[in-house]
Amino acid sequence: MSIVPTNVNYTYNLLRSNLISLNTIYPFLNIQIVGNSVMRKNIYVIKLGKGPNKVFYSGGIHANEWITSTLLMKFIEDYATAYVQDSSLYGYNVRNLFNSSSIYIMPMVNPDAINLVTGSLPTNSFAYERALSITNNFPSIPFPSGWKANINGVDLNLQFPAGWEQAKEIKYSQGFNKPAPRDFVGYGPLTEPESLAIYNFTLMHDFRLVIAYHTQGQEIYWQFQNFNPPNSLEIGEKFSQASGYRLSETPYNSSFAGYKDWFIQTYNRPRLYN
Ligand SMILES: [Zn+2]
């Protein structure tokens, strides 16, 4: 039986109902609420396994890249199915994986604006009206399909204390100096509850590796400034082979204040961004 659909817009309500269904059938899934969005929606983390090797995957931080939420939720379902069937996933026996690793997954970092982009935020709501007034200042960005930010018009992946001032300088000079559908860094680092949630959650754990899913560019970023975490290149190359995406140097204008930048700067450990 399939629970997570891959052919429909993935909304917050769908996420919630899929989590309830998955947890009923697969009670070994550990589902936690680790924060709330601006509009008080839950930010969920699903933990797969109980082993000491702790890794963290996140998706749906950019609203119009919500397909990464579908991807991670489908992965959770595939993992759970393989666990009960005692079978393998991509060559790994899942019961062995369950005992050796803990995979933490935050499938939807930005639920409010994902609802905006997927068409499930009522057009007569205050939040929709506000988004519309923000977008009117940026007429070249399609609405709502070009919306990456959270519902306050802050780009959540430009909120991290790793070169935030440089990001601010770059983005402000490009005209993103106020709430916008994308590229506004906010008035300070970690001002938004969603970026703060992923930041705090990361700090509470000692992750060996983090992966943040995006959709644009078909490429993988693995560095920050002159930090080259051990094994990062090698892991990136494996991902490149598996996905067909190229391993890229981050373009200068996108090289500050992202989640990966902060993680690499703080831990000098691999983090992939694709
Ligand atoms: Zn993105």
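1. Let's start with the burial count: buried residues make up 48% of the 274 residues in this protein. Keep in mind as you look around that the model is predicted.

2. Now the overall build. The protein has nine helices and 10 strands. Its C-alpha atoms fill a box of roughly 55 × 45 × 35 Å along the principal axes. For 274 residues, a compact globule would have a radius of gyration near 19 Å, and the 18 Å found here agrees with that.

3. How do the contacts run along the chain? Take the contacts between residues at least 6 apart in sequence: 78% of them join residues at least 24 apart.

4. Have a look at the hairpin next. Strand β1 (residues 30–36) pairs with β2 in the antiparallel sense, over six bridges. One place to find this pairing is Asn-30, whose bridge partner in β2 is Lys-47. Five residues lie between the two strands of the hairpin, and Arg-40 in the turn has a positive phi of about 65 degrees.

5. Strand β2 (residues 42–48) deserves a second look: five of its seven residues are buried, so the strand is mostly covered. Besides β1, β2 pairs with strand β6 (residues 101–106), again in the antiparallel sense, over three bridges. In that pairing, Ile-46 has Ile-105 of β6 as its bridge partner.

6. Which residues touch the most other members of the largest nonpolar core? They are Ala-63, Ile-76, Ile-105, Ala-113, Leu-116 and Ala-257, out of 70 residues in that core. Helix α2 (residues 67–84) gives the most to this core, with six residues. As a bit of background, nonpolar side chains tend to be buried together in soluble globular proteins.

7. Ile-76 is a good residue to click on. Leaving aside residues up to four places away in sequence, Ile-76 touches Leu-22, Ile-46, Leu-48 and Ile-105. You've met two of these already: Ile-46 and Ile-105 are the bridge partners from β2 and β6.

8. For a contrast, is Ser-133 buried or exposed? Ser-133 sits in helix α5 (residues 126–135). It counts as exposed because it has 11 C-beta neighbours inside 10 Å, and the cut-off for exposed is 12 or fewer. Ser-133 and Ile-76 are 57 residues apart in sequence, and their C-alpha atoms are 37 Å apart in space.

9. Finally, go to helix α9 (residues 259–267). Its buried residues are Tyr-259, Lys-260, Asp-261, Trp-262, Phe-263 and Ile-264. Just after α9 comes Asn-268, with a positive phi of about 45 degrees.

Methods. Residues are numbered from 1 along each chain as its sequence is written. This is a predicted model: local features need pLDDT of at least 70, side-chain atom pairs count only at pLDDT 80 or more; totals for chains, interfaces and linings use all residues. A residue is buried if 20 or more other C-beta atoms lie within 10 Å of its own, exposed if 12 or fewer, and partly exposed in between; C-beta atoms are placed from the backbone. Helices (H or I, at least four residues) and strands (E, at least two) are DSSP runs, numbered from the N terminus. Two strands pair if DSSP finds at least two bridges between them. A nonpolar core is a set of buried Ala, Val, Leu, Ile, Met, Phe, Trp, Tyr and Cys residues joined through C-beta atoms within 7 Å. Two residues are in contact if their C-beta atoms, placed from the backbone, lie within 7 Å. The radius of gyration is taken over C-alpha atoms; the globule rule is 2.2 Å times the number of residues to the power 0.38.
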